[in-house]
Every structure is written in C-alpha cells, then in structure tokens.
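Grab a pencil and work through these exercises with the model open beside you. Each one has a task, followed by a solution in steps.

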Amino acid sequence: MKILVINGPNLNMLGIREPDIYGKTTYAALVALIEEYAQKTNIEVEQYQSNHEGDLVDKIQDAYGKFDGIVINPGAYTHTSVAILDALKAVAIPAVEVHISEVDKREKFRQISYVRLACVATITGHGVDGYTEAMDLLREKYEG
Ligand code: CA2
C-alpha cells in the first residue's frame, strides 16, 4: 500500500526548540524513522513538509488516485484551515490526523480541529510514535 505523510508549518523545526512539548527528535530523524518503519512493514511511503497552506492543499489534491492513505500533522493549520479540511474531503483518501503533543490538554485554540472532521482517526500526545501508529491504523483499514 502507498501512504503519504504530510507535515505542516514549523514541523521542520522539531527538536530544535520546545523539547518539553515536542520532544527531542529532529525533523530529519522523524523522516528517517518513518522511512525505516515503512520498509519494515512493506509500505510505500512518500513524505512532504510545507509551511504554506496552499502547498499543503496542492499536495493533498495531487494524492488523488495515487495513495491509499494519508497521515497528516497539519501543525497550526489544524486549528484554522477549512481549505485543508475540504481538500481531504475532496480526495476522500482515508486520513489519520497526528499531533505530537496532547493538543486537547493545551490552549483552547489548539482544542479545535477542522481537519479532524475529514479523518478516520486522530492520535495525539504519543510523540513521534503517533506517525507509525497512524500508519498501522491505515494498513489495518486497507487490509480489512
Ligand atoms: O502537537 C503537534 O503535533 C502540533 O500539530 C504541532 C504544531 C502546533 O501548532 C499544533 O498546535 C500541535 C507546531 C509544530 C512545531 O512547532 C515548533 C515550535 C517550536 C519549536 C519546534 C517546533
């Protein structure tokens, strides 16, 4: 199966600051961890990160007909973006929302997720392990 992993704004800064909230894993290490897990579990994976909302929308649209699942951490756009929500709904590819931190226990504005409305599951507060857990969920769903 083919999975697209999308990370939104500032996730390229992982491990550089705020390790108490986001952990010590760098973005490069996260990419390597996901790639390694994909190889081990026989999943074809592509990874994408952007700080720009429109680019994230374009990437989701491009996934139409090409991927069997999407793992998405939209970063701060989680809490604001109807455009990303609509793109996920438009392509109708099973998507799992991942957050490294426990967003539901943080500021009120982080407790709102538009993207969640188009996702089959949400994983929060499991650190970077949330990404591989999301891949497992999508595989289970794909294999039935
Ligand atoms: O917990 C998550 O995964 C978030 O999606 C991360 C976003 C945040 O805006 C969401 O509310 C929750 C932030 C991305 C990383 O931001 C950094 C900030 C400082 C240092 C390193 C990364």
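**Exercise 1. The sheet**

In what order do the five strands of the open sheet lie, and is the pairing parallel or antiparallel?

*Solution.* First, some ground rules: this is a predicted model, where local features need pLDDT of at least 70, side-chain atom pairs count only at pLDDT 80 or more, and totals for chains, interfaces and linings use all residues. Residues are numbered from 1 along each chain as its sequence is written, and side-chain values use heavy atoms, with hydrogens and water left out.

Step 1: find the strands, which are DSSP runs of E with at least two residues; helices are runs of H or I with at least four, and both are numbered from the N terminus.

Step 2: read off the order, 2-1-3-4-5, with parallel pairing. Two strands pair if DSSP finds at least two bridges between them.

Step 3: look at the edges, where strand 2 (44-49) and strand 5 each pair on one side only.

Step 4: check the twist, which averages 20 degrees from one strand to the next. Angles run from 0 to 180 degrees between N-to-C directions, with axes fitted to C-alpha atoms (for helices, over the stretch in contact).

Step 5: zoom in on strands 3 and 4, which pair in the parallel sense over three bridges. Here Val71 stands opposite Val96 in strand 4.

**Exercise 2. Helix 5**

Work out whether the length of helix 5 makes sense, then find what covers its buried residues.

*Solution.* Step 1: the expected span of a helix is 1.5 Å times one less than its number of residues. Helix 5 has 15 residues, so it should span 21 Å, and its end C-alpha atoms are indeed 21 Å apart.

Step 2: list the buried residues (under 20% relative accessible area; exposed is over 50%, partly exposed in between, with a 1.4 Å probe and protein chains only). In helix 5 they are Gly130, Tyr131, Thr132, Ala134, Met135, Leu138 and Arg139.

Step 3: find the cover, which includes strand 1 (2-7), helix 2 (27-40), strand 3 (69-73), strand 4 (95-99) and strand 5 (121-124).

Step 4: pick Met135 and skip residues up to four places away in sequence; it touches Ile3, Ile34, Tyr37, Ala38, Ile43 and Val71. Contact means heavy atoms within 4.5 Å.

Step 5: now try Leu137, also in helix 5 (residues 129-143). Leu137 is partly exposed because its relative accessible area is 35%. Leaving aside neighbours within four places in sequence, Leu137 contacts Val96, Ala121 and Ile123.

**Exercise 3. The cores**

Which residues have the most contacts inside the largest nonpolar core?

*Solution.* Step 1: a nonpolar core is a set of buried Ala, Val, Leu, Ile, Met, Phe, Trp, Tyr and Cys residues joined through side-chain atoms within 4.5 Å.

Step 2: the largest one has 22 residues, and Ile3, Val5, Leu30, Ile34, Val71, Tyr131 and Met135 have the most contacts inside it.

Step 3: its largest share, five residues, comes from helix 2.

Step 4: don't miss the second, separate core of 20 residues, which includes Val57, Tyr77, Ile84 and Val115.

**Exercise 4. Odd phi values**

What is the phi of Asn10, and where does Asn10 lie?

*Solution.* Step 1: most residues other than glycine have a negative phi.

Step 2: Asn10, not a glycine, has a positive phi of about 75 degrees. Asn10 lies in the loop between strand 1 and helix 1 (19-22), and counts as exposed because its relative accessibility is 53%.
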